[in-house]
Amino acid sequence: MIKAVRGTRDLLPPDTALWNFVEAAVRDVFRAYNFQEIRTPVFETTELFARGVGEETDIVSKEMFTWEDGAKAADYAIYKKWMVSKRSADTPLAAMDPNMATADSPLPTAYLPDKKQYVVFAFRVSAEAYRELGRAKALKNSGVLQFDELLLVTSEPAPEGFSFDIGGMKVKVERILVDANPQFITLRPENTAGVVRAYIEHKLWDRGLNKLYYIGPQFRRERPQKGRYRQFYQIGAEVIGPPASGSESPARDAEVLEMLATLLDRLGITDWNLELNSVGSSQERVKFNEALRVALAPLKDKMCADCQRRAVTNPLRVLDCKVPEDQPIIEELPRITDFLEEESRKHFDAVQDILTKVGVKFTLNPRLVRGLDYYTRTAFEFTHGALGAQNAILGGGRYDGLSEALGGPAAPGIGFAIGEDRLVMSLQEKTPAESVLRKPDVYIAPMAGMNADAAKLARELRRHDLVVELGDDSFRKLKKSFEAAEKAGAKYILIVGENEVKADAFALKNLATGEQVSVPRAELAQKIQG
Ligand code: AMP
């Protein structure tokens, strides 16, 4: 039997009714706050997430579903090095003179002395550049080059066995990766990077402040457990725009948080807790990170393996640790709040002030840092008791430098992502899927030979926005139709026989009360609607 891949699952009816119920409420609430929907692709270039989420994060370093698109046999590690370091895909050949190797030239990163057997040029060459390469003009004086294999990433097909010489040495190109646009592609692990990419690509700053929301699947290669899947769904929103549009204002943070409180209340999730923190500007965070590193140096050996690693690579992440034995140590660490300078502090105070005035309760949690590198200032999570260890229903925060990190103009923003799977889980107890499922108003049961007349009637009733389940005449006995109607949860059963068609009036039975009446065709819809 072929099964769904571990960490993925089918959402089946009636559960999907609850998903639809949630999504309908979300769309309603977001509309009231004047948010509009954006749909970005489910896959993007790997580079977007490497730059937009941060290479040091768990998501990018361990959890992405990535594949190579088009190219035949690229060495991922080599390609990734090139991809991350490249400044321009169209670096002229002259710039590839190895003697000119500088931090800005693609050559030093492509040159892998530790691997010895490789010297790799990875670049896109035009047809013209190919000819030049053949003449090897630009690669004179390249005695420093030693290689067994040359890897070319090209935009043009090249002849098999293509060769050229460098410094008098005949070089055969062993592997040529031909692809108009060779790239690594990743299933999106989150949606903010995609939204900001779209913001930059479509120059959405022309519209001033953008208030966008999305609903869709995200993908992370995590160890599956309750409430944690490899394909999961997020509902998110982003407020982003040029600074002049007010995108940096604490009023925006507060509006987003108040909208979330409204949404959860509307869904009947009342026992939520909003945890709030400010993670400061990127400069303040650098100082805080350094202070943590210093504080952790003498302590880290007593901590879990993850913390020992994080204490060196990304001390901020230590604050995320859930291991009980580590908690007393973490409690004593420096707090971000002590590193906030006046501007950040004022911003944070203003957010809290508005929340208090509009009546949204929150708890300050100075340990809340969130998993993504790009957050600045306001960071938050909504948790819910029923969810156990995976108790965060949603998280978000400000990402004022993200657009610049992706090559765009300054575009402060704030956003969040709700884990829809977890939201539905928290709803399930109080609101069973059956309770939001719209059952058939009527089950139409045709007698032998009456399928066409029944279909005509169904068509008419459905135009009145009734939910109609249309049976067919394969059940020989009416009793079977009654059973099918009960099973479908229909309110009425409507019998379509020759006599009824002749009389243009139909036997309609209320399955709950057992009352049966003959109703003229023209009055049917009204009678069923009640
Ligand atoms: P993040 O993008 O990591 O801030 O996650 C935002 C929200 O998405 C979390 O609060 C969770 O509710 C949800 N989430 C994240 N990862 C998963 C997962 N693997 N499975 C289910 N929900 C998830």
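**Note on the predicted model: ligand shell, cores and local backbone**

1. In this predicted model, the ligand has a nitrogen atom placed 2.5 Å from an N or O atom in the side chain of E222. A nitrogen atom of the ligand also lies 2.8 Å from a backbone N or O atom of Y229, and an oxygen atom of the ligand is 3.1 Å from a polar side-chain atom of Q234. With the protein in place, 90% of the 480 Å² of accessible area that the ligand has on its own is covered.

2. The shell around the ligand consists of 14 residues, of which the closest are R220, E222, Y229, R370 and A392. By residue class, this shell divides into 6 nonpolar, 3 polar and 5 charged residues. Three strands, β10 (231-240), β14 (392-398) and β15 (413-419), each supply at least two residues of the shell, and the largest share, 3 residues, comes from β14.

3. Turning to the interior, the largest nonpolar core of the model comprises 42 residues, and the residues with the most contacts inside this core are F30, F35, F380, F382, F416, I418 and L423. Helix α8, which spans residues 250-266, provides the largest share of this core, with 8 residues. As general background, nonpolar side chains tend to be buried together in soluble globular proteins.

4. F35, one of the residues with the most contacts inside the largest core, may be examined in more detail. Leaving aside residues up to four places away in sequence, F35 touches F30, K211, L212, Y213, A237, E238, V239, V256 and M259. Apart from the largest core lies another core, of 27 residues, and its members include V53, Y199, Y399 and A417.

5. H384 deserves a separate point, and its place is in strand β13, residues 376-384. H384 counts as buried because its relative accessibility is 4%, which falls under the 20% limit used for that class. The side chain of H384 makes a polar contact, at 2.9 Å, with the side chain of D271. When residues up to four places away in sequence are not counted, H384 touches I269, D271, N391, I393 and S426. The C-alpha atom of H384 is separated by 9.6 Å from that of L394, a residue 10 places apart from H384 along the chain.

6. Some backbone details should be checked against the displayed model. The peptide bond from P13 to P14 is cis, with omega near 5°, and P14 belongs to the segment before α1 (15-32).

7. Positive phi values at residues other than glycine also call for a comment. K203, which is not a glycine, has a positive phi near 45°, and K203 is located in the loop between α7 (192-201) and β9 (210-219). Because its relative accessibility is 47%, K203 counts as partly exposed. D504, likewise not a glycine, has a positive phi of about 55°, and D504 sits in the loop between α18 (498-503) and β19 (505-510). With a relative accessible area of 35%, D504 is partly exposed.

Technical notes: Residues are numbered from 1 along each chain as its sequence is written. This is a predicted model: local features need pLDDT of at least 70, side-chain atom pairs count only at pLDDT 80 or more; totals for chains, interfaces and linings use all residues. Side-chain values use heavy atoms; hydrogens and water are left out. A nonpolar core is a set of buried Ala, Val, Leu, Ile, Met, Phe, Trp, Tyr and Cys residues joined through side-chain atoms within 4.5 Å. Buried means under 20% relative accessible area, exposed over 50%, partly exposed in between (1.4 Å probe, protein chains only). Helices (H or I, at least four residues) and strands (E, at least two) are DSSP runs, numbered from the N terminus. Contact means heavy atoms within 4.5 Å. A residue is near a molecule or strand if one of its heavy atoms lies within 4 Å of it. A polar contact is a pair of N or O atoms within 3.5 Å; within protein, one must be able to donate a hydrogen and the other to accept it, and residues adjacent in sequence count only if both atoms are side-chain atoms. Accessible areas come from the Shrake-Rupley method with a 1.4 Å probe; for residues, only the protein chains shown count as cover. Ala, Val, Leu, Ile, Met, Phe, Trp, Tyr, Cys and Pro count as nonpolar, Asp, Glu, Lys and Arg as charged, and the others, Gly among them, as polar.
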